[in-house]
Amino acid sequence: MIRREPSREDSIIERFFRPLAKHPGALALGDDAALLAPQAGFDFVITADTTTAGVHFFPDDPADLIAKKALRVNLSDLAAKGAEPVGATLALSMSAATGEVWLEKFARGLGEDCEAFACPLLGGDTTKTPGPLSISITAIGKVPSGTMIKRAGARPGDLVVVSGTIGDAALGLLALKREGLVGGLSREQIPELVRRYRVPEPRLALAPVLREYANAAMDISDGLAGDLAKLAAQSGVGAFIETARLPLSGPAENALRNEQSITGLIDDPHMLSTILTGGDDYEVLCAIPETEFHAFAEAAGAARVPVTAIGRFESGGEVEVLGSKGQRITLDRLSYSHF
């Protein structure tokens, strides 16, 4: 007779992650794979992102916020594709010394967002690593058949439209690195920027609106300028955006204004570069026909997602950033790159 004592990995799964596996297809995390039945009239949309300590978050960030960010960056991809979440898998690589207090907090944060965004845990893996903490999540969504919004599809004349505000997360990261000293901002203005960096807001409420109006879309993860260039390239068009039309939060506006007062430049390339290329916005970037923008904005407003037209797609292959006087601004880089 073989008596199998549960391993620590078994115990971790049983205690922290099985309670999150509420979808029947997860099989209570008791099998090697999940089982999802095809739904008539729908396509599955699948995306995956890895978040790593020291790259996407600070090693000493709160465990619940680390979990939330790891899931939300994937949900942001689904939102930009016009998809509704179905579920997600989790691959967690951690040190053998990771304690149960940390795991409990991580699982609590993940569970809160799985519940809030109707995205139950379907399965995954836990492994030991001598390297930094790494979290890989694969999220699965669904769209009515044939309606997923791709990067390709923007047409000359379409408006370049973004949701929310741009640059907050990049400034939040800068504030964390500089211990709160960024752009002459007061200590009271920093927490909201840091929150945007640590806990992005996936625009899932915008998904059905995008399916109705957008010709192309993607989420802004590596920086607005670079991600616009990617979308334009996939669509075979060019584009321009105007810095004067960028939707900025109060703290971001203050940081930009303070930098301008120091440098004496109306369009200071350093602060603009941080806002345009820093990344981690996790807002939606999309191409909307000009004749449809008013209706799109109204529908987005009804979904409580603000949207702003900041430029236009055009023929050709160039992507330009235009300053307050229409002059072309040259950026040192277009976006964050891992390599």
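This is a short talk on the cores, the sheet and the salt bridges of one protein model. Keep in mind that the model is predicted.

Let's start inside. The largest nonpolar core has 40 residues. Which residues have the most contacts inside it? They are Phe17, Leu71, Leu90, Leu92, Phe106, Leu110 and Ile135.

Where does this core come from? Six elements give it two or more residues: helix 1 (8–17), helix 2 (63–80), strand 2 (84–94), helix 3 (100–116), strand 3 (121–128) and strand 4 (134–144). Helix 2 gives the largest share, eight residues.

Take Ile135 as an example. Set aside its neighbours within four places in sequence. Ile135 is then in contact with Asp49, Thr50, Thr51, Phe57, Ile66, Ala70, Leu90, Ala91, Leu92 and Phe106. Find Ile135 on the screen and look for those partners.

There is another core, apart from the one that holds Ile135. This other core has 37 residues. Among them are Ala216, Ile220, Ile310 and Ile329.

Now the sheet. It is open, and it has six strands. Read across, the order is 6-8-5-9-7-10. The pairing is mixed.

Which strands stand at the edges? Strand 6 (216–219) and strand 10 (319–322) do. Each has a single partner strand, so one side of each is left without a neighbour in the sheet. Neighbouring strands are also turned against each other, by 25 degrees on average, direction ignored.

Look closely at one pair. Strand 7, residues 238–242, and strand 10 run parallel, and four bridges join them. Within strand 10, Val319 stands opposite Ala239.

Next, what packs on the sheet? Helix 2 does, touching strand 6 and strand 8 (284–288). The direction of helix 2 makes about 175 degrees with that of strand 6. We met helix 2 earlier, with its eight residues in the largest core.

Helix 7, residues 224–235, lies across strand 5 (159–163), strand 6, strand 7, strand 8, strand 9 (307–314) and strand 10. Helix 7 runs at about 145 degrees to strand 6.

Last topic: charge. Side chains of opposite charge can pair when their charged atoms come close. How many salt bridges does the structure hold? The count is 16.

Here is one of them. Arg198 and Asp61 meet through their side chains, at 2.9 Å from N to O. This pair links distant parts of the chain, 137 residues apart. Arg198 is in helix 5 (residues 190–198), while Asp61 is in the loop between strand 1 (42–52) and helix 2. Are the two partners buried or exposed? Arg198 is partly exposed, with a relative accessible area of 23%. Asp61 counts as buried, at 6%.

Helix 5 holds another pair, Arg195 and Glu192. Their side chains meet at 2.7 Å, N to O. They are three residues apart in the helix, so about one helical turn separates them. Arg195 is partly exposed at 37% relative accessibility. Glu192 is partly exposed too, at 38%.

A further salt bridge joins Glu318 and Arg328, with the closest N and O atoms 3.4 Å apart. Glu318 sits in the loop between strand 9 and strand 10, and Arg328 in the segment after strand 10. Ten residues separate them. Glu318 counts as partly exposed, at 48% relative accessibility.

Finally, salt bridges can form a network. Here one links Lys68, Arg72, Glu112, Asp113 and Glu201. Trace those five on the structure, and we are done.

How values were computed. Residues are numbered from 1 along each chain as its sequence is written. This is a predicted model: local features need pLDDT of at least 70, side-chain atom pairs count only at pLDDT 80 or more; totals for chains, interfaces and linings use all residues. Side-chain values use heavy atoms; hydrogens and water are left out. A nonpolar core is a set of buried Ala, Val, Leu, Ile, Met, Phe, Trp, Tyr and Cys residues joined through side-chain atoms within 4.5 Å. Buried means under 20% relative accessible area, exposed over 50%, partly exposed in between (1.4 Å probe, protein chains only). Contact means heavy atoms within 4.5 Å. Two strands pair if DSSP finds at least two bridges between them. Axes are lines fitted to C-alpha atoms, for helices over the stretch in contact, and angles run from 0 to 180 degrees between N-to-C directions. A salt bridge is a side-chain nitrogen of Lys or Arg within 4 Å of a carboxyl oxygen of Asp or Glu.
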